[in-house]
Each structure stands twice: as structure tokens, then as C-alpha cells.
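Dear colleague,

I am passing on the structure below, and my notes on it follow directly underneath. Please read them with the model open beside you.

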Amino acid sequence: MSLPEVLISSLLLASSSSAALGVWSQATATLQQSNSLQQQGDVLQLMQLASHRWLIRHGAEHDLLRSGSAGCSLNPEAVASALNQFVPLPDGVKRQSVDDPQQLGVWLELSVVNVDGQEALLRRQLVSPVAYGFCKS
Amino acid sequence: MASHFSHLLSIKKTKRFTGFALPLVVAVSAVLMLGSASIHTLSLHARLRFQVAFQRQQALDQLRSAAQAFTTMARGAQACLLLRPSVDWNFHKSSCSGANPNALLAGNVDDQPWRLLSWHPGPGSGNLQLALADGRRGTFRLKLAPDGRQILGVSDVQLQGRIGSQALS
């Protein structure tokens with residue numbers, strides 16, 4: 001082994017090892033982030049299912065409709081309040097209930113909030129009082 | 001004589017080991033780089049898989065929202081239309097006075113257009129098939145009141161793949 005060969009080999013090994021280590025750590029971080037997002041997505045799915053099951057089974061027992069509305073429409077505050085009470089959310093998940101601009105129902109929004117306070121994932125679905133049998137005449 | 005022979009032997013050994021380190025290091029480096037590239041590709045695949053699955057869930061949310069919008073629209077004067085399959089709506093306008101079939105044939109939820117593909121009522125329930133603008137189709141089972149004019153519940157969506165988006169335009 002000559003000195004130049006040893007020097008070139010060491011240099012090559014050092015640079016390739018450091019590059020590989022960088023890529024490995026980046027790949028590990030990406031995998032961890034994907035796993036975390038997957039878990040958060042599963043939580044949102046679970047909470048959405050639980051909310052709809054509660055509305056189907058117990059929604060009619062609570063006063064979720066706007067009082068005095070002839071058109072039978074949901075009260076977003078009442079829906080959010082009932083769901084927060086009976087389908088509590090885990091930490092980091094936020095629920096919002098918003099009126100549809102076309103008066104088709106109420107949008108139920110579930111989101112995962114990052115440590116920075118930004119929404120990482122969002123699921124939203126329209127909820128109509130008719131679809132849950134709340135508007136029986 | 002003996003010392004000359006051992007000198008020759010040492011030169012031969014040195015020559016045999018000369019140039020051995022560099023190919024070995026090149027091979028090790030190649031293995032390291034290929035291995036890390038494979039792991040990187042795997043991690044990107046995992047991320048892509050999650051994104052595709054989440055987008056599918058969001059598309060299902062849109063279909064569910066469209067079905068909920070349909071139930072809201074199928075009230076009042078339009079409730080009479082629930083008694084007949086959607087293909088007959090325009091032929092039996094007289095039997096449902098005041099009903100506007102167009103209100104149930106298409107709509108928008110959250111700026112996303114949807115279209116009714118079919119409505120088939122049956123005893124106690126009906127089959128609703130909707131499509132989104134991107135061609136995704138979904139089927140729902142709607143629970144009906146005994147008079148057939150009132151919706152009492154909506155099943156979860158059954159995704160049925162895509163149709164050509166031109167079909168919706």
C-alpha cells in the first residue's frame with residue numbers, strides 16, 4: 001500500500017460514509033414523519049366515525065336544531081357542544097362546526113394541529129339534519 | 001544468499017498488497033451509497049402511500065357531503081320525486097306538482113360539483129349513486145319512511161371507482 005493510495009481511500013471512505021449517514025438520517029426522519037401523519041390520520045378517521053355514530057344513535061335525543069327555524073336546520077354551536085361532551089377529542093385534535101353558506105347543513109371539521117399551531121391534516125364533512133332523521137314531520 | 005532471498009520475498013508481498021485498499025474502499029462506498037438510496041426511496045414511498053390514502057379519504061368525505069346535500073334538497077316539494085326512479089322524473093312531472101328535478105340532479109358542496117347518476121327507490125330504502133367532478137362514483141343506501149317521501153338515514157359510501165370526467169360535463 002502506498003501513501004497516496006491510503007490517502008485517497010481514506011478520503012473516499014470518509015466522504016461516502018458521511019453522505020450515506022446524511023441520507024440515512026433524512027430517510028429516518030421522513031419515515032418517522034410519515035408514521036406520525038398516518039397515526040394522526042387514523043385518529044381523525046376514528047373521531048369522524050365516532051361523531052357520526054353518536055349523531056345516528058343519540059343525536060335525536062338532544063336539541064341540535066335551531067329553535068324556531070321552519071326549515072329544520074342544525075345549530076352548529078349545539079352540534080359542537082354535544083359532540084365535545086359525548087365524543088371528546090384526544091390532545092392535538094381540533095373540532096369545528098360551521099354553517100354551510102348554501103344552508104345545506106353544517107360542516108363538521110376535524111383537524112390535527114402541530115406544535116406550531118398550524119393545521120397538519122384536515123377532514124371536513126357536511127352534516128344534514130335530514131340524513132339523521134332529525135326532520136321528521 | 002538467504003538475506004537476498006528474504007528481500008525478494010518481501011518485495012513480492014508488497015506488490016501483492018499494492019492497490020488492494022482502493023478497490024475495497026470503492027466497493028464499500030458503493031454499497032453504502034446504494035443502501036442509503038434504497039432506504040431513502042422506501043421512506044418516500046411510505047410518504048406517498050400516506051398522501052394517496054389521505055386524498056382518497058378526503059374524496060370519500062366529498063361524496064358523503066354530496067349525499068348529505070342531496071338529502072337536504074330532497075325535502076318539501078322535491079320529496080315527491082323520491083317515490084320514483086330518477087330516470088322517470090322528467091316523464092312524471094305532473095304527478096309531482098311544484099317539484100324541480102334539476103334541484104336533485106346536480107349541485108355543489110364546498111365549491112365541488114356533484115351529479116346524480118341514479119336514484120332507485122325500494123320498499124323502506126333506496127339506492128343513491130352520485131359522482132364528483134373528478135369522476136369518482138359512490139353509492140349510498142338511504143333509509144326511507146314508510147310513505148317513501150322522507151329520508152331517515154344514510155349509509156356509508158361505497159366507492160365505485162372513476163368514470164370519465166367528460167361524462168359529468
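I begin in the sheet of chain B, where B:Gly138 stands opposite B:Leu159 in E6(B). Strand E6 covers residues 158-162 of chain B and is joined to E4(B) by three bridges, the two strands running antiparallel; strands here are DSSP runs (E, at least two residues), as helices are (H or I, at least four residues), both numbered from the N terminus, and two strands count as paired if DSSP finds at least two bridges between them.

Before going further, please note that this is a predicted model, in which local features need pLDDT of at least 70 and side-chain atom pairs count only at pLDDT 80 or more, whereas totals for chains, interfaces and linings use all residues. Residues are numbered from 1 along each chain as its sequence is written, while chains are lettered from A and ligands numbered from 1 in the order in which they are written.

Strand E4(B) has further partners. Seven bridges join it to strand E3 (residues 125-132) of chain B, again antiparallel, and B:Ser125 has B:Lys143 as its bridge partner in E4(B). These two strands form a hairpin with three residues between them, and B:Gly135 in the turn has a positive phi of about 95°. With strand E5 (residues 151-154) of chain B, E4(B) pairs in the antiparallel sense over three bridges, B:Lys143 being matched there with B:Gly153; this hairpin has six residues between its strands, and B:Gly148 in the turn has a positive phi of about 75°.

The side chains of E4(B) (residues 136-144) alternate: B:Arg136, B:Gly138, B:Phe140, B:Leu142 and B:Leu144 point to one face and are buried, while B:Arg137, B:Thr139, B:Arg141 and B:Lys143 point to the other and are not. Buried means that 20 or more other C-beta atoms, placed from the backbone, lie within 10 Å of the residue's own. Of the 169 residues of chain B, 25% count as buried, and the chain follows the pattern α-α-α-β-β-β-β-β-β along its sequence.

In chain A, three strands form an open antiparallel sheet in the order E1-E2-E3. Strands E1 (93-99) and E3 (119-127) of chain A stand at the edges with a single partner strand each, so one side of each is left without a neighbour in the sheet. The twist averages 20° from one strand to the next; angles run from 0 to 180 degrees between N-to-C directions, and axes are lines fitted to C-alpha atoms, for helices over the stretch in contact. Helix H1 (residues 3-58) of chain A packs on the sheet, touching E1, E2 and E3 of chain A, and its direction makes about 20° with that of E3(A).

As for the interface, 39 residues of chain A are in contact with 38 residues of chain B, contact meaning C-beta atoms, placed from the backbone, within 7 Å. The largest share of the chain A side, 22 residues, comes from H1(A).

The axes of H1(A) and helix H2 (residues 21-73) of chain B come within 8 Å and cross at roughly 15°. That makes H1(A) roughly parallel to H2(B), a term used for angles under 35 degrees.

With regards

Notes: Two residues are in contact if their C-beta atoms, placed from the backbone, lie within 7 Å. A residue is buried if 20 or more other C-beta atoms lie within 10 Å of its own, exposed if 12 or fewer, and partly exposed in between; C-beta atoms are placed from the backbone. Angles under 35 degrees count as roughly parallel, over 145 as roughly antiparallel, 65 to 115 as roughly perpendicular and the rest as oblique.
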